[in-house]
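Q: I'd like a close look at one part of this model: what its inside is made of and how that is packed. Please take it slowly, since I'm new to this.

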Amino acid sequence: MLVLRLLNVVAPAYFLCISLVTFVLQIFVFIPSMFRDLSTTPLFSPALLHGALFLFLSANALGNYVLVIQSSPEDLGKDLNLGKGAEVADWLDGSRSPGSALPSTHFCRLCTRVTQRHDHHCFFTGNCIGSKNMRNFIMFCLYTSLACLDSLVAGMAYISATLSMSFADPLAFLTLLPHSISHFFSGDLLSSEMFVILMLYLWLGIGLACAGFCCHQMLLILRGQTRYQVRKGMVVRARPWRENLQEVFGKKWLLGLLIPVLNVESNYRRQKEK
């Protein structure tokens, strides 16, 4: 349990550090290098277009990240009159089934609360993911993967211009790291260039992980399931996939796709208010 609590602190710090390093590299290294191309008009220069795209992706990723943290799932333990005594201990040791009180409920040991429509506990946000912040979590994964892809392309363009190399060969990226390590220790490669090359592979890994996680979550939403229900083998009532999407994204889904906003039209919320 101590390791999980430590991970709950280290993972958000890791994400924020990576975000800060990416922002600094983009603003102070990659984008200024694009201004060296004098063949394009200043208004439609690659530097300005890329800078606007990166700021849009970053604002959505960080905005939804903050909303995931702020939009914590409600503590149903208060409604169920679960205190700190024997009843919570029943949830902890598994003697009481979460479904015996409400369907799809789960007690999180890290958050110390009972939530409905629980999906999983995200260590990178230090928060549980449920019906209240599921849409913002998916948007966070989506824009994080796009921001990593954008940084990867910009970083490859920078390395290509700095080291006078081409990535036309598909094997060039695969052999870049081992060759760079050998050149670095031989003194032919600067520390700053080696750092950018390492960040390329880090952006690739984070981008692929976030994209895969986003696709997996969307598949579960279309089925009307959560990761917790799949892990526990719970049977869910079959519903049309459009209803499942609307429950998570609401009717004004396009607004949430463009800017980070809370989902105030969740069917779960309307049912709860009734």
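A: Let's start with a word you'll need: a residue is buried when its relative accessible area is under 20%, exposed when it is over 50%, and partly exposed in between. Keep in mind that what you're looking at is a predicted model.

Now the overall picture. The protein has 274 residues, and 42% of them are buried. Its chain folds into 12 helices and four strands. Its accessible surface comes to about 15,100 Å², with 68% of that belonging to carbon and sulfur atoms. Look at contacts between residues at least 6 apart in sequence, and you'll find that 63% of them join residues at least 24 apart.

So where is the inside? The largest nonpolar core is made of 24 residues. Those with the most contacts inside this core are Leu-25, Phe-30, Ile-159, Phe-167, Val-196, Leu-200 and Trp-203. Helix H1 (2–34), helix H5 (134–163), helix H6 (171–174) and helix H8 (191–223) are the elements that each give two or more residues to this core. H8 makes the largest contribution, with eight residues.

Zoom in on Val-196. Setting aside its neighbours within four places in sequence, Val-196 touches Leu-25, Phe-30, Tyr-158 and Ile-159. Next, try Phe-195, which sits in helix H8. With the same kind of neighbours left out, Phe-195 is in contact with Val-21 and Leu-25. Phe-195 counts as partly exposed because its relative accessible area is 38%.

There's a second core too, separate from the one above: it has 20 residues, including Leu-57, Tyr-65, Phe-137 and Cys-141.

Now find Asp-150, in helix H5. Is Asp-150 buried or exposed? Asp-150 is buried, because its relative accessible area is 8%. If you leave aside the residues within four places in sequence, Asp-150 is in contact with Gln-26, His-50, Leu-53, Phe-54 and Leu-57.

How do the helices compare with the record? UniProt, in an unreviewed entry, places the feature "transmembrane region" at residues 12–35, 47–68, 137–161 and 194–222. In the model, residues 12–35 are 96% helix and 0% strand, with end C-alpha atoms 34 Å apart. Residues 194–222 are 100% helix and 0% strand, and here the end C-alpha atoms lie 43 Å apart.

Follow the chain out of H5 and you reach the loop between H5 and H6, where Ser-164 sits. Ser-164 has a phi near 55 degrees, a positive value in a residue other than glycine. Why mention that? Most residues other than glycine have a negative phi. Ser-164 also counts as exposed, because its relative accessibility is 67%.

Buried residues turn up in strands as well. Strand S1 (residues 105–108) and strand S2 pair in the antiparallel sense over four bridges. Thr-105 stands opposite Gln-116 in S2, while Cys-108 has Arg-113 as its bridge partner. Together S1 and S2 form a hairpin with four residues between them, and Thr-112 in that turn has a positive phi of about 50 degrees. In a regular strand, side chains alternate between the two faces of the sheet. With that in mind, look at S1: Thr-105 and Phe-107 are on one side, His-106 and Cys-108 are on the other, and all of them are buried. S2 (residues 113–116) is covered on both faces as well, with Arg-113 and Thr-115 buried on one side and Val-114 and Gln-116 buried on the other.

One last stop brings us back to that opening definition. How many salt bridges does the structure hold? It holds one. The side chains of Arg-239 and Glu-247 meet in it, at 2.5 Å from N to O. Arg-239 counts as partly exposed because its relative accessible area is 25%. Glu-247, in contrast, is buried, because its relative accessible area is 13%.

Definitions and conventions: Residues numbered from 1 in each chain as written. Predicted model: local features only at pLDDT ≥ 70, side-chain atom pairs only at ≥ 80, totals over all residues. Heavy atoms only, no water. UniProt positions renumbered as here; feature names shortened; annotations may be inferred. Buried < 20%, exposed > 50% of the residue type's maximum accessible area, 1.4 Å probe, protein only. Pairing = 2+ DSSP bridges. Contact = heavy atoms within 4.5 Å. Areas by Shrake-Rupley, 256 points an atom, 1.4 Å probe, with all protein chains shown as cover. Salt bridge = Lys/Arg side-chain N within 4 Å of Asp/Glu carboxyl O. Core = buried A, V, L, I, M, F, W, Y, C linked by side-chain atoms within 4.5 Å.
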